[in-house]
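Q: I'm new to this structure and would like a close look at a single part of it. Could you pick one strand and walk me through its surroundings?

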Amino acid sequence: MSRVPLFCDVALAERIEHAEARLMAAAAEAARLRRGDDSGFVAPVAGGVAAYAGAGSPFNKIAGLGFDGIPDEAALDGIERAFAERGAPVQAEVAHLANPAVDALLTSRGYRLTSFENVLGLALDSGHERVVSPGIEVRECRDGEFDAWLQAVTDGFAHPDGQGVPTHEEFPREVLADAERDFAAAGVVHYVALRDGAVAAGGSLRITDGIAQLTGAATAPAHRRRGVQTALVSARLADAAAAGCDIAVVTTQPGSKSQQNVQRRGFHLLYTRAVLVKEAPPPGSAARLGTAIASRAARRPRGAWEETPDGVRVVEHEGSREGLRPLFALAEDSPEQLTSYIDDGRVLVALRGADVLGHLQLTGTDRAGEFEIKNMAVREDRQRAGVGSRLVRCAMDLAAGESGTRLLVATAAADTGNLRFYQRQGFRLHSVERDAFTARTGYEPGTVIDGVELRDRVWLDRPLAPANA
C-alpha cells in the first residue's frame, strides 16, 4: 500500500468532480428509465451537471461546477425553475478548489451554506491486496442478496457513530432502495461483507476514467468494530487496482468515524465540498419561478420589453393565475384541459397600467432547448393592435436567453386566424395531430370555429436565434 501523501491540485480535483457529475447524470437517467416517465431531468451546466431523479433522491443536485467557467445566470434560472416546479430545493456541491466566483454567484442568488463533505483519495498501484480477516468474506453482491445488502446498509445509515459533523442528508429506506438500483444500472457494483455467514455490511464501487469511486458503505451496528469495513474497503481497492485505476476516492462527513477508518487505510484528505442549498419556493408561488430574466429585462428594458408610447409593457406575471382564467379560456375550449395546465411554466402579461391586455404561457418540453407557447390570448378589444406579436417576441427572447433553440405552438386546424398570425411571426407548419379535439380529450362535440368543426390540431415551430446574436 502506498503511504506517500497524495497531493491534490486543481487538475486532479477537476477530474474527480467531473467523474462525480457523470455518476449523478447516469444515475438520474437510470431513474428516468426505471420509472418510464419524464419527471426527472439531467442538464449540463458550466462543465458540471444538474440532475433530478425523483422526490427525495440523493441524486438531486448540481455537481462538478467551478472548473469550466462560471455558470450562466440564464442557465441557472432554468435549472432553479425546474427544481422548483418539482417542489424540490436546489443543492449545489462545490469543491473548495473550484473557481471561488461560483460560490459568490450562488450565495448572491440566495443559496445558503448547509454542510461540508470531505473528499479523500488514495493512489493505487498493482500492489494492493485484499485484507483477509477470520470469519469475514467480501464479494460482489449476488442475485437475490440485494434486500439483505440494503437492510445492512440502511441499518448502518440509520445508526451513525455520532462522531464528527452530522450528515445533512437522511433518506427513507424506499428512496435508498430505488437509488441503489439506479446506481447499479449506472455501472455501480455492489459489494457485500459477510461475518460468520451473516450479511454485516455493504458498499459499492464505480470505475470511470481511471478513478475508483467508493460509495454507499455502511455496517450494521451489531457488526461494528470487527474489521468488517477494513475488509470491505480492501476488497474494493484490490479490484480497482486490478482494473487499472490509478486513484480511489471516497466522500465522508468531516471528522466522522468513516473518515477516520479510510485514513487508517492510507487515504488522504484532498479537498472539501461546500454544500449550498436554495430552498424551493412555498406552494402556490410557481409563477415566481424564473423571474430573474424578466426582472433583468425590467431593469434594462429593450426591444419587445420596452414600454410603448401609449404605456403598454410586457412583464412576467406573479401570484395566482385564477384572475387570468377568463383570458386563458379564450384560447382553450376545454375547462378540464385548462385546469390541468394553467399553473405550468411561466406567464407573460401585456399591461397598460394595471390593466391586463393579453397573456402568453411559456412552458418547457421534455427535449433540451425546446419551449412551447401553451396558451396565448389577447382581449377582444385589444386585438390587431400588436399586443400578441409583442408577447410572442418576448417569449422568444426569454426562451433564447435560456439556451432555447426551438419554439413550438399548436392551434386548431379550424382556427385560420391563429394559423395566419403564427406564420406571420415566423412559424412554419410542422405536423398535424388528427382528432386531437374530441370528447375523450375534454372537448365538447360539435364545436365550430369559423364555420369549421373543431377536430384536428396543427403544430408549428420556428428556430430561436442565440440570445446575444
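A: Here is a walk around strand β2, starting with the sheet that holds it and moving outwards from there.

Keep in mind that this is a predicted model. Strand β2 covers residues 48-52 and sits in an open sheet of 11 strands. The pairing there is mixed, and the order reads β1-β2-β3-β4-β11-β5-β10-β9-β8-β7-β6. At the two edges are β1 (41-45) and β6 (136-140), each of which pairs on one side only. From one strand to the next, the twist averages 25°.

So what does β2 have on either side? Let's begin with β1, which is joined to β2 by 5 bridges, with the two strands running antiparallel. One place to spot this is phenylalanine 41, which stands opposite tyrosine 52 in β2. The two strands form a hairpin with 2 residues between them, and in it alanine 46 takes a positive phi near 50°. As for β3 (61-63), 3 bridges join it to β2, again in an antiparallel run. Here you can look for alanine 51 in β2, with lysine 61 of β3 standing opposite.

Now for how enclosed the strand is. Of the 5 residues of β2, 5 are buried, so the strand is largely enclosed by the rest of the structure. Both faces are covered: Gly48, Ala50 and Tyr52 are buried on one side, and Val49 and Ala51 are buried on the other. "Buried" here stands for under 20% relative accessible area.

A helix is part of the setting too. Helix α2 (residues 73-85) packs on the sheet and touches β1, β2, β3, β4 and β11. Its direction makes about 15° with that of β2.

Isoleucine 62 is a handy residue to click on next. Leaving out residues up to four places away in sequence, isoleucine 62 touches Val49 and Ala50, both of them among the buried residues of β2. Its other contacts are Val45, Ile79, Val90, Gln91, Ala92, Glu93 and Tyr111.

That residue also leads into the largest nonpolar core, which has 33 residues. Ile62 is listed among those with the most contacts inside this core, along with Ile16, Phe83, Leu106 and Tyr271. Strand β2 is one of the elements that give two or more residues to the core. The others are α1 (10-35), β1, α2, β4, α3, β10 (247-252) and β11. As a general point, nonpolar side chains tend to be buried together in soluble globular proteins.

Further along the sheet, β4 (residues 90-95) and β11 (residues 268-278) run antiparallel and are joined by 6 bridges. In this pair, glutamine 91 stands opposite valine 277 in β11. Helix α3 (residues 100-108) packs on the sheet here, touching β4 and β11, and its direction makes about 160° with that of β4.

To place all this in the whole model, there is also an open sheet of 7 strands, with mixed pairing in the order β12-β13-β14-β15-β16-β20-β17. The edge strands of that sheet are β12 (312-316) and β17 (428-433). One of its pairs is β13 (residues 346-352) with β14 (residues 355-364), antiparallel over 7 bridges.

Back at β2, the picture comes together like this: antiparallel to β1, antiparallel to β3, touched by helix α2, and buried on both faces.

How values were computed
Residues numbered from 1 in each chain as written. Predicted model: local features only at pLDDT ≥ 70, side-chain atom pairs only at ≥ 80, totals over all residues. Heavy atoms only, no water. Pairing = 2+ DSSP bridges. Helix = DSSP H or I, 4+ residues; strand = E, 2+ residues; numbered from the N terminus. Axes fitted to C-alpha atoms, helices over the stretch in contact; angles between N-to-C directions. Contact = heavy atoms within 4.5 Å. Core = buried A, V, L, I, M, F, W, Y, C linked by side-chain atoms within 4.5 Å. Buried < 20%, exposed > 50% of the residue type's maximum accessible area, 1.4 Å probe, protein only.
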